[in-house]
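Dear colleague,

Please find the structure for your review below. A summary of the findings follows it.

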Amino acid sequence: MLVRVDPASETPLFEQLATSIRQSVIDHSVSAGERLPSARELAESLGINMHTVLRAYRELRDEGFIELRRGRGAIVAATVHRYDSLAESVSVVVAEARTNNVSLATLTALIREEYQ
Amino acid sequence: MTLPADNVSPRLTRNRRLIVVIGVVVPLLITMVGAFVMALWIPELPNPVATHWGISGPDGYSTVGSVIALPLLITLVFAALAAFASWRGGPHGGMLWVHKFLVSTSVFLSVSITVIAAGSLAVQRGLDNAESAPSIGSILLAAFPVALVMGLFAWLMLPAVEHIQPTGVAAKPIEGTGTERVYFSTTTRLGPGVVVIAVVALVALGLALAIQAVNNPSELLLPAVIGLVVIALAVSTLSWRITIDQRGLRVRSVLGWPRATIAPDQIDAVSVVTINPLGEFGGYGWRWAPDGRSGIVLSQGEAIEVKRTNGKRFIVTMHDAQLGAEALATIAKK
């Protein structure tokens, strides 16, 4: 699993962290049932606040990517594979957007409109 | 007509002939000649014969048949193993170091156990009772140099060692801003095939300890301690956690020990290499190769190679080595 954060970026750290871990789950660098590093360990490794990591973990839990259990830490949810077909569909959509020179902002707007 | 065997390079075909002759036929001939000579002595030998010597003389006895059969059996099993393990040859059809070692050891083993078996019977010829058998210390002392010379001779008859040239691909740091921080973690574990072999060996060791516990509890302590240390060491190398962050590269066994850290300022270069555990490291686990490399070698295929500023190279095999190497290169750059 590769996690990248940039403290100089305008995106909040917890959001960068969540995006990075989400990506690892989607591309199978971490598999269902695998334990993520403890919040303290990850915070020390990246030189950031432990509460930032916990906030990212809570966000991922609310999205159903991971389970948080007292004493056992963060575990990649068993139900995570249901994203597999979605990820495939998204890659098809993105490829289509690229060939039509549709910008990311436009694509996001299209998806948001469809979602609501 | 084209047979599948035609795909084998002529070099490998030649080597296989040598493997069969030197690693299987010669050892078996030696043990068979030994068995024949020992069989001729049967009328002059006591029954049972002494097979184990303590400090004050013989303390273990067995039938002549088992003394004659055991070298044959051991040689047969080891020769088969040596031929089987070296059959495929190296990447270019040559013999790797480990192949030559196995084939030469087959000769060494057959000579040493045949000389010891025949020698231990030779001193008992003409005795009425095996209890008065003289010491065989001098035979043991003589057997090893003789076997060693024969093994060395076998090594010299085999073709020169094929060296696997490690062709590393230097890892580039992850593209991004200079302020970015990275964390990478993965686990690396032994493949299922190697685990099965290890489990069989450990179960055999456990059984041997159990038998010892039942038969001879007073002499259990030393074998038990050694056995448990071996089991603990084997288990500790099964699975490793690898972490890469601003503190450098850290590897840690699943039991928490052994562990190692390479700090970022000790890293000179990072590359991705392809590893052949048996060919380059002679096995699996925490390994030292003859060329000075060391590392955690648990699987065939991709690995991270870290060249340290002191010139030493450290290797960790893992399935996502490319990503790991990029992460480590990013950290080493800073």
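What share of the 334 residues in chain B is buried? In this predicted model, buried residues make up 33% of that chain. Chain B contains eight helices and 12 strands. Of its contacts with a separation of 6 or more, 67% are between residues 24 or more positions apart.

I begin with the sheet. Six strands of chain B form an open sheet with mixed pairing, in the order β3-β8-β11-β12-β10-β9. Its edges are β3 and β9 (285–288) of chain B, each of which pairs on one side only. Helix α8(B) packs on this sheet, where it touches β8 and β11 of chain B, and its direction makes about 175° with that of β8(B).

Two of the pairings in this sheet may be described further. Strand β3 (residues 169–170) of chain B is joined by two bridges to strand β8 (residues 267–275) of chain B, and these strands run antiparallel. There, V169(B) has V272(B) of β8(B) as its bridge partner. β8(B) also pairs with strand β11 (residues 301–308) of chain B, in the antiparallel sense and over eight bridges. In that pairing, A303(B) of β11(B) stands opposite V273(B). As a general point, side chains in a regular strand alternate between the two faces of the sheet.

The next topic is the nonpolar interior. The largest nonpolar core has 57 residues, and V270(B), I304(B) and L328(B) are those with the most contacts inside it. Helix α8 (residues 321–333) of chain B provides the largest share of this core, eight residues. Which residues does L328(B) contact, leaving aside its neighbours within four places in sequence? They are I244(B), L249(B), V270(B), I304(B) and V306(B). Apart from the largest core lies another, of 34 residues, which includes V26(B), A79(B), V111(B) and I116(B). In soluble globular proteins, nonpolar side chains tend to be buried together.

A contrast is offered by helix α5 (residues 192–215) of chain B, which is hardly covered: among its 24 residues, the count of buried residues is zero. From its first C-alpha to its last, α5(B) reaches 34 Å, close to the 34 Å expected at 1.5 Å a residue.

Finally, I turn to the contact between the chains. Here 14 residues of chain A are in contact with 16 residues of chain B. On the side of chain A that touches chain B, β1 (2–5) and α2 (39–46) of chain A each supply at least two residues. β1(A) gives the most to that side, with four residues. By class, the side of chain A that touches chain B has nine nonpolar, three polar and two charged residues.

How many bridges join β1(A) to strand β4 (residues 181–189) of chain B? There are four, and the two strands run antiparallel. Within this pairing, Y183(B) in β4(B) is the bridge partner of V3(A).

With kind regards

How values were computed:
Residues numbered from 1 in each chain as written. Chains lettered and ligands numbered in written order. Predicted model: local features only at pLDDT ≥ 70, side-chain atom pairs only at ≥ 80, totals over all residues. Expected span 1.5 Å × (residues − 1). Buried ≥ 20, exposed ≤ 12 C-beta atoms within 10 Å, placed from the backbone. Pairing = 2+ DSSP bridges. Core = buried A, V, L, I, M, F, W, Y, C linked by C-beta atoms within 7 Å. Contact = placed C-beta atoms within 7 Å. Nonpolar A, V, L, I, M, F, W, Y, C, P; charged D, E, K, R; others polar. Axes fitted to C-alpha atoms, helices over the stretch in contact; angles between N-to-C directions.
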